[in-house]
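Let's walk through this one together, starting with some strand pairing and working out to how the domains meet. Have the structure open and turn it as you read.

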Amino acid sequence: MKISLSKANFRDMDRLEESNYLLTNGLGGYSSLTLAGSCTRTDHALFMASLVAPNNRFSFVRHLDDRITLPSGECHPLSSQANVNPYDTVDSTLLFDNFSQTHLPEFTYRIRGIEITKTIVMVQGVNRLAVKYQIFNPLEQAFTLNVTPKYHFCAKGQNLSRQQEFTHQDGHISSNDQTLAYRHNGVDSALDTPRYESGLFFSYDARDGRPATDAQMSLHTIDFTGSDTHEAFYVIFEAEEERAALLATQSVDAMIDTEIKRQKTYIEQAQIKSVFGQQLVRASEQFVVDRDSTESKSIIAGYPFFADWGRDTMIALWGCNLSTNQFEDARQIFRTFIRYERRGVLPNLFPEAGVEPMYNTIDASLLFIVSLYEYYQASGDVEFIRDEAYQCMSNIYQHYRNGTDFDIKMLDNGLISGGSGFDQLTWMDIRYGDIVPTPRHGCAVEINVLWFNALSILDFFNQKLNKPMPELPALVEQVKTTFNDEFYNDAGYLNDWIKEGEVNQQIRPNQAYAVGLPYPILSQERARSVILTIYKELYSPLGLRSLAMSDPEFKAVCTGSHFDRDMAYHQGTVWGFMIGQFLMGILRQFPQDKDLVRIVEQFIEHNQDGLYEGCIGQLAEIYDGYAPSQSRGCFAQAWSVSEVLRVVKYYEQTHQK
């Protein structure tokens with residue numbers, strides 16, 4: 001499952017900066033730089049800690065200025081960094097030889113018979129990061145490796161002020177009420193005068209109309225000298241905090257060995273055969289985090305922008321927890337949502353301790369019921385359903401049927417309606433000031449497919465647990481009949497939403513839920529028609545378009561200013577996660593149809609290349625609608641990875657026995 005990219009893939013610094021790596025620490029902290037070793041986003045950092053897991057992030061170290069000096073006096077950088085003043089830009093393309101990743105990112109550099117391999121590792125459950133340099137020097141030339149950490153010491157998203165004070169003493173850096181300890185096996189020298197270095201330029205942010213400059217602080221340089229054939233140097237950084245005191249200090253080799261062993265065990269537990277599937281398991285695990293406020297597991301929606309959200313968690317859980325056989329993590333997540341259920345609505349956002357959750361979602365509760373069913377199918381654990389989850393499912397049913405917050409209610413015809421004013425309750429939830437690009441109040445297609453499945457699942461568990469609800473079977477049939485009458489149109493696909501006689505017939509991917517969820521709501525004939533419409537109008541090798549290209553509201557690209565991006569976000573932009581319901585619909589409803597199954601097989605084969613674009617080893621949130629080739633939005637998105645992983649595992653189980 002090794003990913004390897006050589007110099008032949010990268011002609012210059014710009015190409016190196018198109019891709020980045022991602023390491024995470026199970027707390028929401030991460031390490032992510034481009035393959036040039038640079039920051040092209042304000043959210044890039046060598047060491048982004050999470051002081052209160054998972055969303056209170058703090059950028060300690062921007063990147064390392066690491067250079068090798070030869071006896072001739074030649075000095076060459078290993079890492080790059082763009083600057084507003086191009087004359088101050090550091091370009092390391094000359095020495096770059098290879099980037100590889102199996103479990104950890106490794107950079108190889110080469111200069112005049114000296115090979116340098118740099119490995120980066122984070123420890124799980126604590127804010128600790130190490131960088132190890134291994135030197136292969138068969139000519140035994142004398143050299144010096146100079147490493148200057150570029151400090152930031154700002155909350156994620158904030159800029160470093162010239163007035164911010166730093167204290168540096170005995171291997172400790174303090175600033176902005178935080179302290180970072182570092183240790184190494186070199187010679188540490190404080191700079192005569194600390195250097196505030198402004199003018200960092202973030203090209204990715206500039207492209208998207210975000211603030212694109214910042215500064216960094218240089219306080220000291222660590223020198224490593226050598227002349228032996230094999231040398232090894234390291235720098236370890238650790239945030240001084242209570243959780244760090246609970247874990248023993250480790251050597252850099254122990255940190256690397258422990259993390260590789262941990263990842264191998266996690267991948268083995270998933271019992272997935274294909275290399276692509278195993279790579280997706282590794283990717284999925286990076287989103288699973290601890291949440292301090294609930295003392296349980298959660299799932300980060302995406303790096304580097306997003307927090308852990310209810311809707312995203314319920315969808316990502318299918319792949320991140322169930323396809324990987326991490327059932328205890330799934331139970332912890334379920335328990336958290338059960339605890340915070342309010343009038344049948346589950347939270348969409350868990351702020352940090354002391355702040356009330358936000359409940360602005362219509363689908364999280366219904367997705368929760370579907371997720372419980374998928375959990376039962378994967379684990380066989382009926383006891384958890386009976387003892388801990390059933391009452392919450394029942395509460396959701398009763399409140400949705402009788403009416404609850406955000407105008408969520410069942411209509412006389414059995415369909416679920418919700419939303420009013422500026423409330424955006426479905427996943428197409430963009431609002432820019434008073435502009436709502438995709439208003440979906442009323443009865444949305446995927447919400448009512450989820451409602452039908454939630455009712456069917458509740459009826460399934462009622463029979464299994466002997467908890468009769470006599471009215472439920474008739475309601476299931478009513479919803480199915482009404483749905484087909486109201487949503488299936490003469491063109492052979494599903495309307496996107498209906499409201500008081502108004503019908504929206506835009507071709508959108510939300511109809512994929514009608515074929516992909518466990519309980520089919522359409523006849524096979526209608527399901528086939530919907531699948532073929534999606535394939536014709538919305539399908540791409542990286543996901544489904546959020547709107548057909550033939551629609552006059554279609555937006556070809558999702559880039560530019562904040563306004564431009566929001567207007568395009570759900571108006572044609574390709575979404576990776578939506579492919580899951582579409583492909584699962586083929587595998588579940590047409591497992592013997594070779595022509596349709598070929599679509600699944602081709603997607604799996606072609607989608608593997610997505611791991612080599614943008615964030616190496618990950619799948620992105622979105623891609624441009626017209627020509628989806630470059631990742632946009634979050635460079636690593638939980639539900640994008642999760643849904644492809646779920647499809648790959650289901651395909652292996654059903655078609656590769």
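Before we look at who faces whom, one ground rule: two strands pair if DSSP finds at least two bridges between them. Also keep in mind that this is a predicted model.

With that rule in hand, go to strand S18 (residues 288-291) and strand S19 (residues 296-299), which run antiparallel and are joined by four bridges. Within this pair, Asp290 stands opposite Lys297 in S19. The two strands make a hairpin with four residues between them, and in that turn Glu295 has a positive phi of about 55 degrees.

Now for another hairpin. Strand S13 (residues 172-175) and strand S14 (residues 178-184) are antiparallel too, pairing over four bridges. Here Ile173 sits opposite Leu180 in S14. Two residues separate S13 from S14, and the turn includes Asn176, with a positive phi of about 55 degrees.

Stay on S14 for a moment, since it also pairs with strand S17 (residues 230-239), in the antiparallel sense and over five bridges. Across that pairing, look for His184 opposite Val235 in S17.

Next, a little sheet. Three strands line up in the order S23-S24-S25 to give an open, antiparallel sheet. Which strands stand at the edges? Strand S23 (443-444) and strand S25 (502-504) do, each with a single partner strand, so one side of each has no neighbour in the sheet. S23 pairs with strand S24 (residues 497-499) in the antiparallel sense over two bridges, and in S24 the bridge partner of Ala444 is Trp497. As you turn the sheet, remember that in a regular strand the side chains alternate between the two faces of the sheet.

What about charged partners? Over the whole structure, the search finds 38 salt bridges. One of them is worth a look: the side chains of Glu197 and Lys150 meet at 3.0 Å, N to O. Glu197 belongs to strand S15 (residues 187-201) and Lys150 to strand S11 (residues 143-155), so this pair ties together parts that are 47 residues apart in sequence.

Time to zoom out. The domain assignment splits the chain into domain 1 (3-239) and domain 2 (271-656), and their C-alpha centres lie 38 Å apart. So how many residues of domain 1 are in contact with domain 2? The count is 36, and they meet 37 residues of domain 2. Between them the two domains bury about 2800 Å², with carbon and sulfur atoms giving 48% of that area. On the domain 1 side, Ile3, Leu22 and Arg207 lose the most area to domain 2, together 21% of what that side buries.

How is this interface held, in terms of polar and charged pairs? Across the interface of domain 1 and domain 2 the rule finds zero salt bridges, but there are twelve residue pairs in polar contact, both residues at pLDDT 80 or more. Several elements supply at least two residues each to the side of domain 1 that touches domain 2, including strand S1 (3-6), strand S4 (45-52), strand S5 (56-69) and helix H2 (203-207). By type, the residues on that side divide into 14 nonpolar, 14 polar and eight charged.

Note on methods. Residues numbered from 1 in each chain as written. Predicted model: local features only at pLDDT ≥ 70, side-chain atom pairs only at ≥ 80, totals over all residues. Heavy atoms only, no water. Domains from an automatic or database assignment. Contact = heavy atoms within 4.5 Å. Buried area = accessible area lost by both parts, 1.4 Å probe. Salt bridge = Lys/Arg side-chain N within 4 Å of Asp/Glu carboxyl O. Polar contact = N/O pair within 3.5 Å; in protein donor to acceptor, adjacent residues only side chain to side chain. Nonpolar A, V, L, I, M, F, W, Y, C, P; charged D, E, K, R; others polar.
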